[in-house]
Amino acid sequence: MDYTGLFESIRKKAVRGNPADIDSIMATLDRADLPITRAVDFYLGFVTNQSGIDRLSRYLFSGTRIQRNYCALFFERRNDWQLINKAYR
């Protein structure tokens, strides 16, 4: 499978970082294979827009298991342990 187009789409959505883009990226995780999960993990680091970060926070608390996991990785890399601990509790 050629992932190039999909990876570029995920990258663009992460850079824009608006809530609809984050929703689209998170939906990708529910049907993802290993290369896609790796790309999502990497490209989530491109999200800097506050509305995108807020949307990721929402998924941290109420997403599917895999969505919560990747959001936790995102916030861990930002060193936002207070939010991660709150979600864990």
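Residues count as buried under 20% relative accessible area, as exposed over 50%, and as partly exposed in between. With that scale in hand, welcome to a set of close-ups of a predicted model.

**Close-up 1. E8 and R11 pair up within helix 1.** At 25% relative accessibility, R11 falls in the partly exposed class, and so does E8, at 30%. The two side chains form a salt bridge whose closest N and O atoms are 2.6 Å apart. Both residues belong to helix 1 and sit three residues apart, about one turn of the helix.

**Close-up 2. R11 also reaches residues well beyond its own stretch of chain.** Setting aside neighbours within four places in sequence, R11 is in contact with Y43 and F46. For a sense of the backbone spacing here, take R11 and I25, which are 14 residues apart along the chain: their C-alpha atoms are separated by 9.4 Å.

**Close-up 3. R16 and D21 form a salt bridge.** Here the closest N and O atoms are 2.9 Å apart. The two partners fall in separate accessibility classes: R16 is partly exposed, with a relative accessible area of 44%, whereas D21 is buried, at 8%.

**Close-up 4. A salt bridge joins R77 and D41.** The N to O distance between these side chains is 2.6 Å. R77 lies in helix 5 and D41 in helix 3, so this pair ties together parts that are 36 residues apart in sequence. R77 counts as exposed because its relative accessibility is 54%, while D41, at 19%, counts as buried. If you are keeping a tally, the model has five salt bridges, and D23, R55 and R58 are linked in a network of such bridges.

**Close-up 5. The largest nonpolar core holds 23 residues.** Which of its members touch the most others? They are M26, L44, V47, L56 and F75. Helix 1 (4–16), helix 2 (19–29), helix 3, helix 4 (50–62), helix 5 (65–77) and helix 6 (81–88) each supply at least two residues of this core. L56 makes a handy place to zoom in: beyond its neighbours within four places in sequence, L56 is in contact with I22, M26, L44, V47, C71, F74 and F75.

**Close-up 6. T37 is a buried residue of helix 3.** Its relative accessibility is 7%, which is why T37 counts as buried. What does the side chain of T37 have 2.8 Å from one of its polar atoms? That partner is the backbone oxygen of L34. Apart from neighbours within four places in sequence, T37 is in contact with L29, A32, I66 and Y70.

**Close-up 7. V15, F42 and F46 form a nonpolar patch on the surface.** Together these three residues have about 280 Å² of accessible area. F42 lies in helix 3, which spans residues 34–43. With a relative accessibility of 53%, F42 counts as exposed. Another patch member, F46, has already appeared in this set, as a contact of R11.

Technical notes. Residues numbered from 1 in each chain as written. Predicted model: local features only at pLDDT ≥ 70, side-chain atom pairs only at ≥ 80, totals over all residues. Heavy atoms only, no water. Patch = residues over 30% accessible without salt bridge, like charges linked within 9 Å, V, L, I, M, F, W, Y side chains within 5 Å. Areas by Shrake-Rupley, 256 points an atom, 1.4 Å probe, with all protein chains shown as cover. Salt bridge = Lys/Arg side-chain N within 4 Å of Asp/Glu carboxyl O. Helix = DSSP H or I, 4+ residues; strand = E, 2+ residues; numbered from the N terminus. Buried < 20%, exposed > 50% of the residue type's maximum accessible area, 1.4 Å probe, protein only. Core = buried A, V, L, I, M, F, W, Y, C linked by side-chain atoms within 4.5 Å. Contact = heavy atoms within 4.5 Å. Polar contact = N/O pair within 3.5 Å; in protein donor to acceptor, adjacent residues only side chain to side chain.
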